[in-house]
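Visitor: I would like a close look at a single part of this structure, a strand and the partners beside it, set against the chain as a whole. Please take your time and connect the details as you go.

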Amino acid sequence: MSDDLTPERWAYLAEGNREQARKRVAAKVVIRDRQGRVLLVDPNYKPRWDLPGGMVEANEAPREAARRECREELGGGIIEIGRLLLMDWEPAHGPWDDQLMLVFDGGIVETALAATLHVTDPELDDLAWFTPDEAVAKLRQDVGDRLQRALHALATHDTAYAEREDRTSS
């Protein structure tokens with residue numbers, strides 16, 4: 001506790017922190033190979049393929065969450081998590097509160113590293129490389145749109161932001 005922060009002020013701030021809104025945050029990764037294909041994972045808890053990654057834990061930086069999720073899901077070598085490609089806000093849907101979705105650049109993996117990647121998470125049934133068009137077809141519509149926007153951000157060295165007004169598919 002700093003010298004100017006009395007126990008009463010500390011308690012006041014801590015109470016404010018407990019009462020403030022919390023936001024769900026997810027961190028996904030776009031990983032490509034030398035042929036320009038994109039790596040997708042097949043979660044067994046939902047019907048469509050997805051980008052590697054997952055939920056950011058409390059007090060965890062989003063980039064570290066992306067790194068952790070890739071280690072947990074893909075085994076093999078370390079995926080380098082690069083710059084933020086996009087951030088989307090998704091409104092509440094079904095039982096879920098709203099969330100921020102961050103997508104990071106997982107770089108282009110060399111053939112030797114790509115060969116070491118394998119499913120190491122019991123929540124996944126498979127992983128595979130797809131051309132961007134094939135990948136979009138495997139993904140839920142909003143995730144496919146997110147992938148296309150992330151690939152565009154890679155090509156233009158830009159960072160994208162969007163707010164979804166509705167979420168009709170889960």
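**A strand and its surroundings**

Guide: The chain carries 22 positive and 33 negative side chains, and the centres of these two sets lie 2 Å apart. All of what follows describes a predicted model. Five helices and seven strands make up the elements of the chain, and from the N terminus on they follow the order α-β-β-β-α-β-β-α-β-α-α-β. Along the principal axes, the C-alpha atoms fill a box of roughly 60 × 35 × 35 Å, while the accessible surface amounts to about 9,700 Å², with 52% of that area belonging to carbon and sulfur atoms.

The part to examine closely is strand E5, which spans residues 99–109 and is mostly covered, since nine of its 11 residues are buried; for the chain as a whole, 42% of the 170 residues count as buried. Strand E5 is joined to two other strands, and the two pairings run in opposite senses. With strand E1 (residues 24–33) it runs parallel, and nine bridges join the two; one partnership between them sets Ala26 against Met101 of E5. With strand E4 (residues 84–90) it runs antiparallel, here through six bridges, and in this pairing Leu84 has Phe104 of E5 as its bridge partner.

Links between separated parts of the sequence also appear in the contacts of the chain: among those between residues at least 6 apart in sequence, 68% join residues at least 24 apart. Away from the strand itself, a search of the whole structure finds one aromatic pair. Trp49 and Phe130 form this pair in an edge-to-face arrangement, with 5.2 Å from centre to centre and 80 degrees between the planes. The two rings come from distant parts of the chain, 81 residues apart, with Trp49 in the loop between strand E2 (38–43) and strand E3 (53–55) and Phe130 in strand E6 (residues 124–130). Both Trp49 and Phe130 are buried.

A charged residue completes the picture. Arg68, found in helix H2 (residues 62–74), counts as buried because its relative accessible area of 11% falls under the 20% cut-off. Leaving aside its neighbours within four places in sequence, Arg68 is in contact with Met55, Glu57 and Glu60.

Notes
Residues are numbered from 1 along each chain as its sequence is written. This is a predicted model: local features need pLDDT of at least 70, side-chain atom pairs count only at pLDDT 80 or more; totals for chains, interfaces and linings use all residues. Side-chain values use heavy atoms; hydrogens and water are left out. Helices (H or I, at least four residues) and strands (E, at least two) are DSSP runs, numbered from the N terminus. Buried means under 20% relative accessible area, exposed over 50%, partly exposed in between (1.4 Å probe, protein chains only). Contact means heavy atoms within 4.5 Å. Rings of Phe, Tyr and Trp (its six-membered ring) pair if their centres lie within 6.5 Å; planes under 30 degrees apart count as stacked, over 60 as edge-to-face and the rest as tilted. Accessible areas come from the Shrake-Rupley method with a 1.4 Å probe; for residues, only the protein chains shown count as cover. Lys and Arg count as positive and Asp and Glu as negative; His and the chain ends are not counted. The place of a charge is taken as NZ of Lys, CZ of Arg, CG of Asp or CD of Glu. Two strands pair if DSSP finds at least two bridges between them.
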